[in-house]
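Me: Could you take a close look at one part of this model for me, the largest nonpolar core? I'd like to know which residues have the most contacts inside it, and what sits around them.

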Amino acid sequence: MEIWLEAVIRQLILYSLPLLISLTFVSFIESKLTHQETAHPFFAISWMGTWLPLLAAILFSRAVIFSLPQPVASGSRAALYRCLGHIILCSTGFLLYSWSLNHQPSTGLPPLHLWWGKVLMFFNLCMACLHLVPLPGMLMGELILPRQWLSILTQNNSRHTITLFTLLAASPLTDWLLGSPVIFPIYEQLANLAETLI
């Protein structure tokens, strides 16, 4: 129990800042490109959909960890902007991780800049790859699912969307469907490439 609790606390510390930066930045990009204003700067992280899937993934020790951004606009174009935002942030995390490998902290200090760079890269890779599955608010879902089906799960009935994503985050489905075939191989290649850039 103590080992599990320690792992959960460590994961929450590592993911908190990258998550705040990522979802806020993606919401900002989406707002600017769709020309729709958000209610406030932290619009993307001001609902339970942001935190419940993340907590479920961490509590159940899932390898693929993701959250649910609050979309500024609906439709495939807005979903594409969100996906591109996560790809940009994954690349930024890769550069930060590469840089941090060359700038190790002083002895005794936690290497948070290294881990936050790595988590920024991994979290946004997970979020970008999540757009490959047919889910509401995700690019593939917006492209292939009928609008009537999406309307059941989005905006007016956001509780259904939150529940769906929370159950998905707690289950091993994302590890099997996205993690093993897509996310982990890409992440391994990025991590190896970062080490070769030293």
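Reply: The largest nonpolar core takes in 43 residues, and the ones with the most contacts inside it are Y15, F66, M121, L130, F165 and I183. Keep in mind that this is a predicted model. Six helices each put at least two residues into this core: α1 (2-34), α2 (48-59), α3 (76-102), α4 (112-130), α7 (158-170) and α8 (173-196). The largest share is from α4, with 10 residues. As background, nonpolar side chains tend to be buried together in soluble globular proteins.

Let's zoom in on Y15. Leaving out residues up to four places away in sequence, Y15 touches L54, I65, V119, F122 and F123. Y15 also turns up in the lining of the second largest pocket, along with R10, Q11, L14, A63, W115, K118, V119, F122 and Y187. So V119 and F122 are on both lists, as contacts of Y15 and as lining residues, going by heavy atoms within 4.5 Å for a contact. That pocket has a volume of about 180 Å³, and α1 and α4 are the elements giving two or more residues to its lining. By type, the lining splits into seven nonpolar residues, one polar and two charged.

Now the wider setting. The protein chain has eight helices and zero strands, and 46% of its 198 residues are buried. Among contacts with a separation of 6 or more, 70% are between residues 24 or more positions apart. On the outside, the accessible surface comes to about 10400 Å², with 68% of that belonging to carbon and sulfur atoms.

Technical notes. Residues are numbered from 1 along each chain as its sequence is written. This is a predicted model: local features need pLDDT of at least 70, side-chain atom pairs count only at pLDDT 80 or more; totals for chains, interfaces and linings use all residues. Side-chain values use heavy atoms; hydrogens and water are left out. Helices (H or I, at least four residues) and strands (E, at least two) are DSSP runs, numbered from the N terminus. Buried means under 20% relative accessible area, exposed over 50%, partly exposed in between (1.4 Å probe, protein chains only). Accessible areas come from the Shrake-Rupley method with a 1.4 Å probe; for residues, only the protein chains shown count as cover. A nonpolar core is a set of buried Ala, Val, Leu, Ile, Met, Phe, Trp, Tyr and Cys residues joined through side-chain atoms within 4.5 Å. On a 1 Å grid over the protein atoms alone, a cavity is a set of points where a 1.4 Å probe fits but cannot get out, and a pocket is an open set with protein on both sides within 12 Å along at least five of seven lines; lining residues have an atom within 4 Å of a point. Grid points are joined across faces, edges and corners, and a volume is the space filled by probe spheres set on the points. Ala, Val, Leu, Ile, Met, Phe, Trp, Tyr, Cys and Pro count as nonpolar, Asp, Glu, Lys and Arg as charged, and the others, Gly among them, as polar.
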